[in-house]
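Work through the exercises below with the structure open beside you. Try each task before reading its solution.

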Amino acid sequence: MRLQTLTSPDLISTGRSFETKEEAIRYLVRQLGEAGKLNSEEAFYQAVMERETQSPTGFEGGLAIPHGKSDAVKEAAFAVATLPTPLEDWESIDENNKVQLVILLAIPDNEAGSTHLSLLSEFTTRLADPSYMAGLVNAKTNKELYQALDQKDEEKPVASESFKRTILAVTACPAGIAHTYMAAESLIRAGNELGVKVVVEKQGANGIEDAHSKAQIRKADAVIFAADVAVKNQERFAGLPRVTTSVAAPLKNAEGILKQAIEKADKAGINNARQEEIDDAYEEEPENKPFKVEIKDSILTGISYIIPVIVAGGMTLAFAVLISQAFGLQELYETEGSWLWLFRELGGTLLGTLMVPILAAYMAYSIGDKPALGPGFAAGVCANLIGSGFLGGMLGGFLAGYIIKFLKKNVQTSGTFSGFVSFWLYPVLGTLSVGAIMLFVVGEPLAALNSGLISWLEGMSGANAILLGAIIGAMVSFDLGGPVNKAAYTFCIGAMASGNIIPYAAFASVKMVSAFAVTGATIIGKKYFTEPEQQVGKQTWLLGLAGITEGAIPFMINDPLRVIPSLIAGSAVTGGIVAFFDIGLNVPGAGIFSLALLEGPALVVAAGIWLGAALLGAFISMVLLIITRKNKLKKQPDTKEEREEAQMQAVANS
């Protein structure tokens with residue numbers, strides 16, 4: 001990007017003194033106005049000063065980049081001033097920053113997501129080079145500074161064999177532009193000076209750039225997280241010594257941060273165990289995932305993001321219901337504007353309004369990264385508008401993700417327009433496209449399919465209801481929180497959102513079965529289980545009370561062929577009983593906390609059947625766990641001598 005195209009020697013002032021920040025900004029605004037870049041100097045000045053109140057525009061090393069986005073700007077431009085007497089009152093990320101170079105960016109409103117971001121990124125990346133910064137600050141004339149804007153010193157490449165260490169880094173800031181790239185440049189330059197190879201992954205406005213590969217992670221000595229937002233996919237770096245700091249820290253002391261990382265690497269050492277830990281933690285994703293894998297990952301990502309919303313909304317709604325029932329406040333519960341009504345509406349909105357858009361948005365995000373979030377949310381809103389429920393939300397998430405993926409592959413540019421494409425074209429075109437498809441093409445068929453599914457569920461009774469409950473129960477305990485379990489969860493939540501509350505009641509009851517069964521088996525059949533298994537078993541019943549199935553996972557991993565069928569058998573019985581008696585649950589919850597919210601027969605009867613079904617299923621699974629473990633042990637030699645004899649016999653027979 002050529003910076004000279006957005007300024008001129010008339011907009012550059014060298015050796016200009018100012019008493020205050022406001023005076024410097026006022027002067028540069030006037031320069032832009034006299035150059036014909038502004039419709040109104042005062043309106044633009046107010047826009048710049050309003051931006052100054054939001055966060056510091058001073059950086060470090062004498063740099064400040066104030067900026068304003070306003071319709072008072074005719075065309076994008078910037079003005080520059082160098083100050084022989086530094087300003088010390090400029091709010092900066094480095095509190096000791098004394099401003100010597102001021103660059104004022106003037107951006108029209110309609111270029112806020114394009115030219116603004118590209119220009120800011122370009123400046124911050126270049127100015128991370130001390131020699132470039134010095135070239136601007138030390139320019140004697142306006143023309144000299146103007147010419148220096150696009151002069152870059154050619155860096156001498158550092159021979160790869162001269163690097164003694166390899167340090168990975170991830171930089172990320174809330175806006176994803178200025179500090180993200182400045183921090184990256186600072187770390188790389190400091191690494192070159194120390195003889196350390198620094199490889200930086202930028203998690204910025206355009207998603208993840210220069211993502212670290214599995215090979216790079218294996219060779220690395222340590223990793224630096226320089227970020228003011230959550231670093232994505234941190235699990236990739238499990239086992240690596242880690243330094244965590246703010247995104248601004250490398251601008252002040254990149255060398256010190258690198259030395260800290262090296263020191264941690266020295267203490268940790270490089271060993272095979274750590275490399276195996278890295279391998280286990282991170283399976284590198286291919287550039288183009290198989291379609292089936294991408295679909296599965298998309299669904300699981302969407303579900304993982306809606307679970308906190310469902311829990312928060314469900315518990316808030318449950319709180320309102322319990323308070324109204326326990327204290328006889330039903331009238332207050334129904335009175336619009338009352339505090340209890342507001343809690344009810346809060347929980348209901350989280351469940352009824354936000355749930356599907358969040359599911360669709362993060363399914364799209366899994367496929368198309370950050371630009372797909374807007375279209376994904378739009379797809380979920382469309383699903384709500386057309387009444388297609390979870391089915392529509394999931395389809396919309398797929399559509400939004402693949403539309404953005406197509407655009408990113410086929411509509412690419414660089415330079416000034418790259419920010420415009422990422423921040424405007426992708427989300428706007430994606431939203432219009434997925435909105436048109438959802439509202440005018442698939443809307444009616446999806447709504448009809450959703451209505452048909454609701455009618456089918458509502459019509460299930462007797463043997464059909466038992467079969468549905470048994471299937472849900474089997475899916476819940478098949479992989480204890482894995483994809484099959486989550487598929488059952490999604491189905492039950494979708495049914496609840498569509499008005500059928502029986503499947504979720506079966507789901508919530510079954511969630512206690514595996515944990516109760518493991519605890520019972522390790523207590524009653526204690527002699528058949530190892531000491532570690534007994535210790536785990538003592539705790540799983542508590543997890544079961546909260547509806548957490550994962551406590552039984554260690555048993556499943558050690559002996560899946562016996563444990564899985566045992567858990568499925570009891571769970572299927574539990575699910576079938578709950579569904580047969582038409583017990584419903586209209587608030588997402590789990591475990592014993594759902595007892596007071598059950599619907600169907602009288603509350604006491606419903607609670608007795610629901611909890612009794614869970615205990616019966618747990619008893620069946622417990623008995624099967626003990627029997628299968630006992631049979632397994634019978635087939636194994638009891639003593640060391642018997643085991644050695646069995647091994648010798650096996651060798652002889654082979």
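**Exercise 1. How many salt bridges does the count come to?**

The model is predicted, so local features need pLDDT of at least 70, side-chain atom pairs count only at pLDDT 80 or more, and totals for chains, interfaces and linings use all residues. Residues are numbered from 1 along each chain as its sequence is written, and side-chain values use heavy atoms, with hydrogens and water left out.

Step 1. Fix the rule: a side-chain nitrogen of Lys or Arg must be within 4 Å of a carboxyl oxygen of Asp or Glu.

Step 2. Apply the rule. The count is 16 salt bridges.

**Exercise 2. Place the salt bridge between arginine 126 and aspartate 150 in the chain.**

Step 1. Check the distance. The N to O separation is 3.0 Å.

Step 2. Locate the partners. Arginine 126 sits in helix H3 (residues 115–127), and aspartate 150 in the loop between helix H5 (142–148) and strand S6 (165–172), so the bridge ties together parts 24 residues apart in sequence. Helices (H or I, at least four residues) and strands (E, at least two) are DSSP runs, numbered from the N terminus.

Step 3. Judge the exposure. Both arginine 126 and aspartate 150 are buried. Buried means under 20% relative accessible area, exposed over 50%, and partly exposed in between (1.4 Å probe, protein chains only).

**Exercise 3. Which parts do the salt bridges of arginine 165 and arginine 236 link?**

Step 1. Start with arginine 165. Its partner is aspartate 221, with the closest N and O atoms 3.6 Å apart. Arginine 165 is in strand S6 and aspartate 221 in the loop between helix H7 (214–219) and strand S9 (222–227), so this pair ties together parts 56 residues apart in sequence.

Step 2. Read the exposure of aspartate 221. Its relative accessibility is 11%, so aspartate 221 counts as buried.

Step 3. Move to arginine 236. Its side chain meets that of glutamate 201 in a salt bridge, 2.9 Å from N to O. Arginine 236 is in the loop between S9 and strand S10 (242–245), glutamate 201 is in strand S7 (residues 196–204), and the two are 35 residues apart. Both arginine 236 and glutamate 201 are buried.

Step 4. Look for shared partners. Lys21, Glu52 and Glu91 are joined into one network by such salt bridges.

**Exercise 4. Is threonine 57 buried or exposed, and what is in contact with threonine 57?**

Step 1. Find the position. Threonine 57 lies in the loop between helix H2 (41–52) and strand S2 (63–64).

Step 2. Read the accessibility. Threonine 57 has a relative accessible area of 1%, so it is buried.

Step 3. List contacts (heavy atoms within 4.5 Å). Neighbours within four places in sequence are left aside; the partners of threonine 57 include Glu52, Trp90 and Glu91. Glu52 and Glu91 also belong to the salt-bridge network with Lys21.

Step 4. Compare sequence and space. Threonine 57 and serine 92 are 35 residues apart along the chain, yet their C-alpha atoms are separated by 6.2 Å.

**Exercise 5. Describe how helix H20 and helix H21 pack, then follow leucine 545 onward.**

Step 1. Take the geometry. H20 (residues 513–524) and H21 (residues 531–545) pack at an angle of about 145°, with axes 7 Å apart. Axes are lines fitted to C-alpha atoms, for helices over the stretch in contact, and angles run from 0 to 180 degrees between N-to-C directions.

Step 2. Name contact residues. H20 contributes Phe516 and Val518, among others, while H21 contributes residues including Trp541 and Leu545.

Step 3. Follow leucine 545. Its C-alpha is 5.3 Å from that of isoleucine 592, 47 residues apart in sequence. Isoleucine 592 is in the loop between strand S11 (584–585) and strand S12 (598–599). Beyond neighbours within four places, isoleucine 592 is in contact with Met512, Leu545 and Leu611.

Step 4. Read the exposure. Isoleucine 592 has 27% relative accessibility, so it counts as partly exposed.

**Exercise 6. Summarise the whole chain.**

Step 1. Count elements. The protein chain has 25 helices and twelve strands.

Step 2. Assess burial. Of the 654 residues, 51% are buried.

Step 3. Check contact range. Among contacts between residues at least 6 apart in sequence, 72% join residues at least 24 apart.
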